[in-house]
Amino acid sequence: MSRVRLHQTQSEALIFERSSPGKVGYQLPALDVPEVDPAALLGAGSVRDDIDGFPEVSEVEVIRHFTRLSTWNYAIDLGMYPLGSCTMKYNPRLNEAVARIEGIIDAHPYQPESLAQGMLEIQRTLEGHLAEITGMDAVTLQPAAGAHGELTGLLLVRAYLESLGDSRRVVLTPDSAHGTNPATAAIAGYRVVEIRSSERGMIDLAALEEVVDESVAALMVTNPNTVGIFESDIARVAEVLHRRGAQLYMDGANMNALVGVARPGDFGVDVMHLNLHKTFSTPHGGGGPGAGPVAVMSHLEPFLPVPRIRETPDGLRYDRDRPHSIGRVRAFYGNFGVLVRALAYILAHGGDGLRNATVDAVLNANYVRKGLEGHFDLPYDAPSMHECVFSDVRQAGKGVRTGDIAKRLIDYGFHPYTVSFPLIVRGALMIEPTETESKHELDEFIAAMQAIAEEVETDPNLVRKSPASTRTSRVDETRAARRPVVIWKDGQ
């Protein structure tokens with residue numbers, strides 16, 4: 001096994017178990033004012049009773065306890081996340097510093113537009129840069145996440161087609177699509193029709209020709225797609241759709257493989273969303289604030305959500321008088337702090353820097369691919385972009401599947417890759433190193449994966465029983481997700 005990368009204290013007791021009656025973590029001087037009864041002064045309803053069972057510990061015990069617990073957490077500051085399709089890159093601290101500039105961090109969504117000119121300029125500047133990067137004509141920053149951007153994009157398509165008197169009700173998705181694509185189409189009220197991929201892992205043009213008719217509103221395609229391959233026929237795909245009155249929607253989740261190299265607007269995309277956390281280094285949502293801007297070509301611009309930012313003689317203002325707009329899709333104008341971070345990232349890199357990040361992402365993915373090709377099966381031989389997808393076909397003969405390999409990777413100090421996705425690859429190992437990882441880190445990851453492949457050949461049972469270094473080993477993941485039970489004290 002390669003070196004142990006993370007120190008973990010697996011025998012840490014609960015803070016309740018460390019409690020000792022009467023112990024406190026502070027010391028106060030004697031009162032120099034008359035003592036009063038808080039309940040009499042504030043009212044009984046404003047005074048909290050003592051918390052039953054609250055741990056009584058010293059300050060240093062509290063600090064050391066939670067510091068040790070933090071060593072159980074894997075974080076991007078400790079090592080790489082090889083999650084394919086999720087782009088878990090390191091976020092430069094500069095982004096955070098800019099977002100905390102006085103006047104930006106204190107901005108209030110209800111302050112008058114005349115006092116928010118700097119905030120409006122930040123938003124308008126970001127819209128302009130994203131439009132240039134994507135080759136599209138206009139951008140809205142309102143959507144709060146990638147899937148929210150997908151929904152917004154389909155609502156724009158519907159509004160546009162219905163303005164032409166054309167009420168189409170079918171959306172096509174490739175069999176390699178992100179799961180949010182068919183889900184979003186269904187939520188938007190469309191019937192979803194899946195189209196198959198070719199043997200090279202791309203859209204099958206013949207299959208597309210068969211299904212595109214006057215009922216099809218749009219095709220939702222990820223490019224590069226979910227097996228890490230660029231859809232080289234994308235311009236022909238756009239031509240097939242446009243010839244029959246349909247729109248081309250691009251899931252921009254993998255735009256970090258194209259920035260500065262290719263622009264979706266130039267190869268026929270009508271509408272797309274961007275995941276700012278994937279490509280432009282904002283915090284990964286995780287249930288918190290995110291951003292999924294939507295970029296459109298000019299024919300869809302009148303339908304963008306309100307308000308839109310426009311320049312007037314009195315400065316920048318929100319334009320709400322847009323009769324064709326689909327309306328608001330988010331309170332205010334999106335998650336402002338996330339947008340500031342994205343603009344900081346773009347400006348810090350500049351055009352050449354953004355392109356270099358793209359080139360490095362593709363280089364790193366291909367470096368990993370080359371290092372693992374002799375150890376894991378590669379289902380598609382087409383060139384990889386920002387991620388590479390292997391399968392567990394070789395290891396399955398020894399009774400080891402992709403989930404087992406991922407669990408064993410934890411023992412080597414790495415976060416697991418994406419397991420069993422995309423679904424068109426049986427036993428998929430989906431790996432995306434991102435552009436922020438060094439050659440040294442990639443070499444360590446490759447060595448760990450190679451070592452696991454060798455273990456499968458010599459001791460497959462070891463891999464099947466992994467992880468061995470964690471406090472808890474294998475759990476029934478289905479049951480844990482559906483019936484979570486937390487035992488913390490006295491068996492309760």
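**Close-up 1. Helix α5 and the glycine that follows it.** Just after α5, G165 adopts a positive phi of about 75°. The model shown here and in every other view is predicted. Helix α5 covers residues 146-163, 18 residues in total. Its end C-alpha atoms lie 26 Å apart, and this agrees with the 26 Å that the helix should span at 1.5 Å a residue. The buried residues of α5 are G146, G149, E150, T152, G153, L154, L156, V157, R158, A159, Y160 and L161. They pack against two groups of elements. The helical partner is α6 (180-187). The strand partners are β2 (170-174), β4 (216-222), β5 (247-252), β6 (271-274) and β7 (294-296).

**Close-up 2. The largest nonpolar core, centred for this view on L130.** This core holds 61 residues. L130, L208, L219, V237, L248 and F280 have the most contacts inside it. Helix α10 (residues 336-372) supplies the largest share of the core, with ten residues. In soluble globular proteins, nonpolar side chains tend to be buried together. Leaving aside neighbours within four places in sequence, L130 contacts V139, L141, L274, L276, F280, P293 and I346. F280 thus appears both among the residues with the most contacts in the core and among the contacts of L130.

**Close-up 3. S281, a non-glycine residue with positive phi.** S281 is not a glycine, yet its phi is positive, at about 60°. The residue sits in the loop that runs between α9 (276-279) and β7. Its relative accessibility is 1%, so S281 counts as buried.

**Close-up 4. Helix α13 and its cover.** Helix α13 takes in residues 439-458, 20 residues in total. From its first C-alpha to its last it reaches 28 Å, close to the 28 Å expected at 1.5 Å a residue. Buried positions in α13 are E441, L442, E444, F445, I446, A448, M449, A451, I452, A453, E455 and V456. The cover over these buried residues includes helices α10, α11 (393-396), α12 (402-411) and α14 (460-464). Strand β12 (428-431) is also part of that cover. L442 and A451 belong to a nonpolar core as well, shown in the next view.

**Close-up 5. The second nonpolar core.** A core of 29 residues is separate from the one around L130. Its members include V400, Y417, L442 and A451. Of these, L442 and A451 are among the buried residues of α13.

**Close-up 6. The loop between β12 and α13.** Two residues stand out in this view. T434 lies in the loop between β12 and α13. Its phi is near 65°, a positive value in a residue other than glycine. T434 is buried, because its relative accessible area is 0%. E437 is found in the loop between β12 and α13 too. With a relative accessible area of 14%, E437 falls under the 20% cut-off and is therefore buried. Not counting residues up to four places away in sequence, E437 touches I76, M80, N364 and L442. L442 is one of the buried residues of α13.

**Close-up 7. Two cis peptide bonds ahead of prolines.** F421 and P422 are joined by a cis peptide bond, with omega about 5°. P422 is in the loop between β11 (418-419) and β12. S466 and P467 are also joined by a cis peptide bond, with omega about 0°. P467 is in the loop between α14 and α15 (477-482).

**Close-up 8. A nonpolar patch on the surface.** V36, L41, L42 and V47 form this patch. Together they have about 380 Å² of accessible area. L42 lies in helix α1 (residues 38-42). Its relative accessibility is 55%, so L42 counts as exposed.

**Overview. The whole protein, for placing the close-ups.** The secondary structure comes to 15 helices and twelve strands. The C-alpha trace spans about 80 × 70 × 45 Å along its principal axes. The protein has 492 residues, and 49% of them count as buried. Among contacts with a separation of 6 or more, 70% are between residues 24 or more positions apart. The exposed area is about 23800 Å². Carbon and sulfur atoms supply 54% of that area.

How values were computed. Residues numbered from 1 in each chain as written. Heavy atoms only, no water. Patch = residues over 30% accessible without salt bridge, like charges linked within 9 Å, V, L, I, M, F, W, Y side chains within 5 Å. Areas by Shrake-Rupley, 256 points an atom, 1.4 Å probe, with all protein chains shown as cover. Salt bridge = Lys/Arg side-chain N within 4 Å of Asp/Glu carboxyl O. Helix = DSSP H or I, 4+ residues; strand = E, 2+ residues; numbered from the N terminus. Buried < 20%, exposed > 50% of the residue type's maximum accessible area, 1.4 Å probe, protein only. Expected span 1.5 Å × (residues − 1). Contact = heavy atoms within 4.5 Å. Core = buried A, V, L, I, M, F, W, Y, C linked by side-chain atoms within 4.5 Å.
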